[in-house]
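Please open the structure in your viewer and keep the selection panel at hand. The tour below moves from one empty space to the next, with a stop at the ligand.

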Amino acid sequence: MTQAAPLYIAGEWLQSGRDSSAVPDPSGLPDAGRVTHATLADLDRAAEAAADAFRGWSRMSAYDRSTLLRRAADLLRDRADPIARLMVREQGKPLAEARGEVIGAADHIDWAAEEGRRLYGRMIPARMPGVLQIARKEAIGPVAGFSPWNFPVSQAVRKIAGALGAGCTIVVKCPEETPYSCVELVRCFADAGLPAGVVNLVFGQPAQISEHLIPHPGIRMISFTGSVPVGRQLGALAAARVKRATLELGGHSPFIVCEDADVEAAIKLAAGLKFRNAGQVCAAPSRFYVHEALYDAFVDGLVTAAKAIKIGNGFEPGVTMGPLANPRRLTAMERFVADATLRGGKLRAGGRRHGSAGNFFEPTVLTDVPDDAALMLEEPFGPIAPVSAFSSLDSAIQQANALPFGLAAFAFTRNFATAEKLSTELESGMISINHFGIAAPETPFGGMKESGYGSEGGTEGMEAFVTTKFTSVLGLGAAS
Ligand code: NAD
């Protein structure tokens, strides 16, 4: 990409006269391009543009907003192929996955467009005749969104479409690692005819942007997806100004295979979810607890599946796993494996860097990893699967709940009572049993404990962007 990825503020694409930084290609090829950094004046202008546009956008009929948003969704579908290609270059995932992500993002826009038309309030029966009591839902105001690099389009779209569908405007800081696909996502909204200032896109120094935008008087809410430590900082900045925050943070998701499970189905799903996007998925399973009766079969099956994965550049036909996003993740994987094996863990597949160029790491399976290993305590965010055996379901649930995180949990069982027990006792914002059933536009996505608060997706995701206003009217002459 020859042009630096631009900012989009108040309806203008901006890049000249500003600093920029390199966008590395995680596969080890020459840099994918450069990304423009916003100045403090740009950030002020973006927040003011969002605040100025809010009045008009929030008062536009939900029907008209929905028409514009659906047009943006159609443009995104039409442009899915070139956008997916940009994503492969800057993020590394296989082309088919990138395409699926873009098409899925269009679905999110359609959902938010339609759901914005159903943000009903209610009439409350009054204690006196002639009094009308109305609770209505109003857009909360301009939002500052912060989206991560693992799903450049589908993470950003949840913030943009949710905010816009509810009548909010947004300044979104998209990831500097993957700016080009985010620029094209925002271009779909611009080309759909949204008024200037409704969507604003910035890049730059992440900490400088959050420290400047969150306290800005024009911003009324933040929505962040990323790591727990950064979420803590951003949540504190929002709380200091009494601004609402949706925090979608990391997890360390348990995957429990019960004694009566269909083990082949469990292996297939475990391998698919664990190694997708090179394990860089906040809701990916990352601790596998398998009943001792199925343990050997599960480990053998997962090792076979891990060894069958074709690693490489996402453009190469047949590649099923790309590189990690940055060299920091590669170093983290090496640290997890060294620490686990030092503590007695047994390496059953992978465990090393793949090749000498790019951030490739082998799909890795470990067994006998003790609970105090770093891998069992910290979110791995990479292609490593530690597998442990259990004899009692209660002890597996206890281990699953032992960490301060609670984003997603997965389980396999053929028994409805066991499924109900898991659903009740697992401390997790999303639980999926016998299949992968999370992250659709119409279902709530979010965590509990340190995995954050608030939802994206579902009616809950729309509620996050509205506030309740109560009005009581005594009808003229009604009380006389
Ligand atoms: P990181 O914590 O440095 O950054 C994570 C994301 O937050 C990046 O997009 C970054 O630009 C942004 N960020 C960092 N500091 C910020 C600040 N002060 N203000 C605003 N944004 C800021 O970690 P990393 O090495 O880039 O990624 C690895 C970790 O991030 C993982 O361990 C994982 O927990 C987390 N992560 C989570 C998700 C998710 O979907 N929940 C996505 C990507 C990364």
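Begin with the second largest pocket, whose lining divides by class into 10 nonpolar, five polar and eight charged residues. Keep in mind throughout that the model is a predicted one.

To find the middle of the second largest pocket, select Phe151, Ser154, Arg158, Arg276 and Ala439, which lie nearest its centre among the 23 residues of the lining. Two elements, α4 (95–115) and α5 (152–165), are the ones that give two or more residues to the lining of the second largest pocket, and of its contributors α4 gives the most, with seven residues. The space in the second largest pocket comes to about 470 Å³. If you now colour the chain by domain, you can see where the second largest pocket sits: domain 1 (7–249 + 451–470) and domain 2 (253–433) both give residues to its lining, so it lies between them.

Next, go to the largest pocket, which has a volume of about 1,000 Å³. Its lining is made up of 41 residues, and the ones to select for its centre are Trp149, Phe224, Gly226, Ser227 and Val230, which are the closest to it. Then select α7 (206–213), β10 (221–225), α8 (228–240) and α11 (327–342), since these are the elements that give two or more residues to the lining of the largest pocket; the largest share, six residues, comes from α8. Colouring the lining of the largest pocket by class should give 18 nonpolar, 13 polar and 10 charged residues. Keep the domain colours on for a moment, because domain 1 and domain 2 both give residues to the lining of the largest pocket, so this pocket too lies between them.

Now show the ligand, and ask which residues are the closest to it. Of the 24 residues that surround the ligand, the closest are Trp149, Ser210, Ser227, Arg328 and Glu379. Three distances are worth drawing in the viewer, each of them ending on an oxygen atom of the ligand. From Ser227, a polar side-chain atom lies 2.7 Å from a ligand oxygen; from Trp149, a polar side-chain atom lies 3.1 Å from a ligand oxygen; and from Asn150, an N or O atom of the side chain is 3.4 Å from a ligand oxygen. Taken alone, the ligand exposes 800 Å², and the protein buries 86% of that.

Leave the ligand and turn to the enclosed spaces, for which a search of the whole structure finds six cavities of 30 Å³ or more. The largest cavity holds about 90 Å³ of space, and you can reach it by selecting Trp111, Arg158, Gly162, Glu456 and Gly457, which lie nearest its centre among the 14 residues of its lining. Arg158 should already be familiar, as it is also one of the residues nearest the centre of the second largest pocket. At least two residues of the lining of the largest cavity come from each of α4, α5 and α15 (458–463), with α5 giving the most, four residues. By class, the lining of the largest cavity has six nonpolar, six polar and two charged residues.

The last stop is the second largest cavity, with a volume of about 60 Å³. Select Pro254, Ala400, Phe405, Glu427 and Ser428, which are the closest to its centre of the 14 residues that line it. For the surrounding elements, show β12 (253–257), α13 (393–401) and β17 (408–412), each of which supplies at least two residues of the lining of the second largest cavity. Coloured by class, that lining has seven nonpolar, five polar and two charged residues.

Terms used
Residues are numbered from 1 along each chain as its sequence is written. This is a predicted model: local features need pLDDT of at least 70, side-chain atom pairs count only at pLDDT 80 or more; totals for chains, interfaces and linings use all residues. Side-chain values use heavy atoms; hydrogens and water are left out. On a 1 Å grid over the protein atoms alone, a cavity is a set of points where a 1.4 Å probe fits but cannot get out, and a pocket is an open set with protein on both sides within 12 Å along at least five of seven lines; lining residues have an atom within 4 Å of a point. Grid points are joined across faces, edges and corners, and a volume is the space filled by probe spheres set on the points. Ala, Val, Leu, Ile, Met, Phe, Trp, Tyr, Cys and Pro count as nonpolar, Asp, Glu, Lys and Arg as charged, and the others, Gly among them, as polar. Domain bounds come from an automatic or database domain assignment. A residue is near a molecule or strand if one of its heavy atoms lies within 4 Å of it. A polar contact is a pair of N or O atoms within 3.5 Å; within protein, one must be able to donate a hydrogen and the other to accept it, and residues adjacent in sequence count only if both atoms are side-chain atoms. Accessible areas come from the Shrake-Rupley method with a 1.4 Å probe; for residues, only the protein chains shown count as cover.
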